[in-house]
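Q: Could you take a close look at one part of this model for me, the aromatic residues and how their rings sit against one another? I'd like a connected walk through it rather than a list.

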Amino acid sequence: MKARLDLLATVDQGVTESEIFRLALQHSVAELGGLGGTVHLRGPMSALRLVSSTGLPPRLVRPWEIIDQEGPTAPARALREGGAGGGAGAGVWVPTGHGGTWPGTGLAAVPVSGPERPVGALTLVMGEQGRPTDAQWAFLRAVVAWAEERMGQAPPPARVRTPGEESGGRQLRQALKAVQVGTWDWNIQSGELAWDDAAMDIYGTDPADFLHSIESWLKVVHPDDLPWTLAAVQRSIRDRAVFEAEYRVRRPGGGYVWTQARGRVVLDDRGEPVRMVGRAWDSNESPAARDALGRALRHMSDGFLAVDEDWRITFVNLAAEQTLGSSEAELVGRVLWELPSVRGVPDLETHCRQAAAAGRPAGFDVRVPDAGQPPEGDQPPDYGGTPGDVPASGGVVVRDDTGAPVADGRSYHLRLVPVPDGVTLYFTDVTERRRREAEQAATERAATERSARIAELTSALAGATSSRDVVDAVAQRVLTPFGATGLMVLAVEGGSGRLSYIGSVGYPREFVDAIIGSSPERGGPVWEAILTASPLFLSSADEFMARYPAMRGRPAESAKQAWAFLPLTASGHTFGICVFAFDRPRHFSDSDRTLLTAISALVAHALERARLYDAEHTRSRELQRVLLPHTLPELPACTAAARYLPAGQGMDVGGDWYDVIPLSAGQVALVIGDVMGHGLSEAATMGRVRTAVHTLAALELPPDEIMNHLNDIVGALGEDSFVTCLYALYDSTTRICSFARAGHPPPAVVHPDGTVHFPDLAPDPPLGAAEPPFETVELTVPEEGLLVLYTDGLVEAKGREIDEGMTALADLLRSADTSPTADLDQLCDTLTAGLLPADQPTPDDAALLVARVHALAADHMASWPLPSHPQAAGEARKHVREQLAAWGLDDLAMTTELLASELVGNVVRHAKGPVRLRLLRSAELVCEVGDGSLTTPRIRRASATDEGGRGLQLITALSQRWGTRYTATGKCIWTEQALPGTEEYRAGLASGGGADFALGEDFGSLGDFVTGEL
């Protein structure tokens, strides 16, 4: 049905009424499957005149050529009921047998209305399908509405002369011969009509066939001329004015000739019209002044006027009279530019004079201001844009042939044609055409813009990696084009069946939380759209409350007035919902619904992919978080702070790490490294290498040996595994830091005075690609100085080389607070913010470790050389006793003496000199005995009959921990004991350790002790 209506809408304006009725009938019969159809129009008195028919044989149509308006026929009933109580669009159904002898099942008729009342009816003869459906009645009314609109635009018929009638030049202005004139008398109240013999001849009627009623005249008038001629008759009666018309009448042979009629209304004593009397004559041979061209120009729908060489009006038609606001008598003879309506048209005189001077036709658009609108100046206002643009006011921008826009008003296309004795001007009202063009252009621009935004949205969603990215992409590219002010994206949790939050824009979080807390049992539009997997559109708050009365307060809480609830479905599974909301009520057109549904499909697939990424990314981040140190140890040798910054959004986890590893005798290892690449395998490699570093550091190997072992470990992982690493060993007793690095940037050393420098370290290749030995560099670090270790991700970025990054790092360190009292955490934040701004995502992970080193005070250290004979144990006990007394650690004297005696005894028995004893008082008490042997003591289980072998068991029982450290001249065996007053010391007492020990059967240790006393 819509296709037929669209087809009818394309019919040009100005077609004849007979063509209008023919098209209306043909499409109505074809669409409803009828057998045929008719169109009747109201005539004088109670007659309905047949003006068009289709598909019906003459035998059936002939009795209906003129029918009574008050009769029972379907057209008459439609006319009466449409005008009385049924409304202008009502229709009637008359089963076959009640309206004449007709085939089929019945007659369906709808009224045809004029400006003031129904003027006729369209009737269809229906076949086997019977009475029309509601949709078919609606289609018939729409067709009739189209016909009514086109009837108002149809021109009076142009007079077409036969070749014998044509003449030209001045002879056309001379009368050819006298014409025959007939008279007529019509009783308006009774319908009785009287013609004289001349009228009989003019109307081609045999007196024997004349019925003496108005129907005789209706039968002979051409169907195309009948509507406007009847309108002239009724206007004359209503206004008590002269009737004048020219129309065609049918001759007995079937042809038509032109006639003219003129009459007047006769009134009774009360002033009511009772009769109309007048004359009629054949106008086929009328004077030249009434020739066909003159009539056509006079009555054509476009405006036309002619001016002489002085621009005085010589001819004007009816349309021009209406446009210029004056009658023909007032216009003819006046200069065109003197008319007020013409003076208000910008640049009209200039364009017309230029075209006349050029001597060739010209066309351009002009604006005729609306009534009451003041004339504008010579220059029209410039709205900008291009022809057909729509300005902010919503009006159509109309442009002339120069491209200049004109303001709002009635717009006309003027065609100026120079002629030998002046100029002719044709002007057509194109306001609606320009408006339609502008609307079409605006629609096309909107469609183009929406297509571009959809393409942009598709591209953005393709690049979105996380759920937050998807929500941001939709908010930025969908809300504004649709005028939406709210967006909410929720997912259904698989296990709980509850909603979970993904993202929202334009909603209070409390409102979103209330939505999340809902359940399927409570219903509502969110769950209805999810459970049905169908979009739901609510155009107003009233519609929302009518559909969900239990949620009447929800629109007020959300401060929204219209909603689009779009389920998110991917892979055949609905897993969430996307809600667009609007501040004002909104009608969702079919295109809106289609586009929003398509957008929801794009969002669903992007969100499904993003949720998988989010889950994997969360697991990766958790793995990396577990592999990195949770906290850094608090050590006397250094104070440290660190930062780890993951790569920008969309990147996998990396392999950057850092460590602070406490060692014996006031030493600490500072480690930082980077596994090349990103992903779970790199993060796992980082964890394995970090574990290896801890193990090797616990053996207290030198940095270069640790690097050797790490290189072997990384090399065994595969050819694609490469790790950069920096290992720094700091000794608080000497303030010496030993560095070894494998493909890693050098550390920054910051002095207390703010001086910054990078040690010159050999750039060994990364682990996995290096060939030992690794170079070790020793550096004395100033007390309370800073060691800044970092990975390349901190200093190297897009557009910044690593050297430039290191220079920037040094500049930040110089300008920052690096004094001994400075907060290291704040310093880390300053460095990361300066090198890696939050608004510039980086493609690589970054790790930063800042350590402030401390030196062990000289009065907290004591050292003595010992002889290489058994008496050395006694000297060791004596030095221990005296030093602990000086430090106020008498409670540890006995235990420490036993430890020193055992360590010295083992050296004397199993190793070689030189022998040296050292005590360190720090967070613990450290007792060290060094010798020149590389033999490592090993603890073993002694049997009951063994005389020795329990010395290391005794050391283990008396100390918190002990170990061996290799030195440049041999090795050093050390022990640690908790200081009195500490939690470790009290725990040792409670477990039976410390001074309250039992020697048991350790005869070897006892013998050493006794020998040392002798």
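A: Let's fix one term before we start: a residue counts as buried when its relative accessible area is under 20%, taken with a 1.4 Å probe on protein chains only. Trp563 comes out at 4%, so it is buried. Keep in mind that this is a predicted model.

Trp563 has a ring partner, Phe544, and that one is buried too, with a relative accessible area of 2%. The two ring centres are 5.0 Å apart and the planes meet at 45 degrees, so we call the pair tilted; planes have to be under 30 degrees apart to count as stacked and over 60 for edge-to-face. As for where the partners come from, Phe544 is part of helix α18 (residues 541–547), while Trp563 belongs to strand β22 (residues 562–570), so the pair ties together parts 19 residues apart in sequence.

That's one pair; searching the whole structure turns up 14 aromatic pairs. Another of them joins Trp195 and Tyr203, and here the rings are stacked, at 4.6 Å centre to centre with 25 degrees between the planes. Both Trp195 and Tyr203 are buried. Add Phe210, and ring pairs link Trp195, Tyr203 and Phe210 into a cluster.

Now step back from the rings to the packing. The largest nonpolar core has 58 residues, and Trp195 and Tyr203 turn up again among the members that touch the most others, along with Leu122 and Trp217. Helix α5 (residues 134–153) is the biggest contributor to this core, giving eight residues. Leu122 is worth a stop of its own: setting aside neighbours within four places in sequence, its contacts include Ala24, Leu25, Val39, Val110, Leu140 and Val144. There's also a second, separate core, with 53 residues, and Val675, Ala697, Ala770 and Ala847 are among them.

Back to the aromatics for a last look, this time at rings with a charge over them. The charged end of Arg509 sits over the ring of Tyr501, 3.9 Å from the ring centre. Lys560 does likewise with Tyr507: its charged end is over that ring, 5.5 Å from the centre.

So, to pull the aromatic picture together: Phe544 and Trp563 make a tilted pair, Trp195 and Tyr203 a stacked one, and the latter two share a cluster with Phe210.

Terms used. Residues numbered from 1 in each chain as written. Predicted model: local features only at pLDDT ≥ 70, side-chain atom pairs only at ≥ 80, totals over all residues. Heavy atoms only, no water. Core = buried A, V, L, I, M, F, W, Y, C linked by side-chain atoms within 4.5 Å. Buried < 20%, exposed > 50% of the residue type's maximum accessible area, 1.4 Å probe, protein only. Helix = DSSP H or I, 4+ residues; strand = E, 2+ residues; numbered from the N terminus. Contact = heavy atoms within 4.5 Å. Phe/Tyr/Trp six-rings, centres within 6.5 Å; stacked < 30°, edge-to-face > 60°. Lys NZ or Arg CZ within 6 Å of the ring centre and 35° of its normal.
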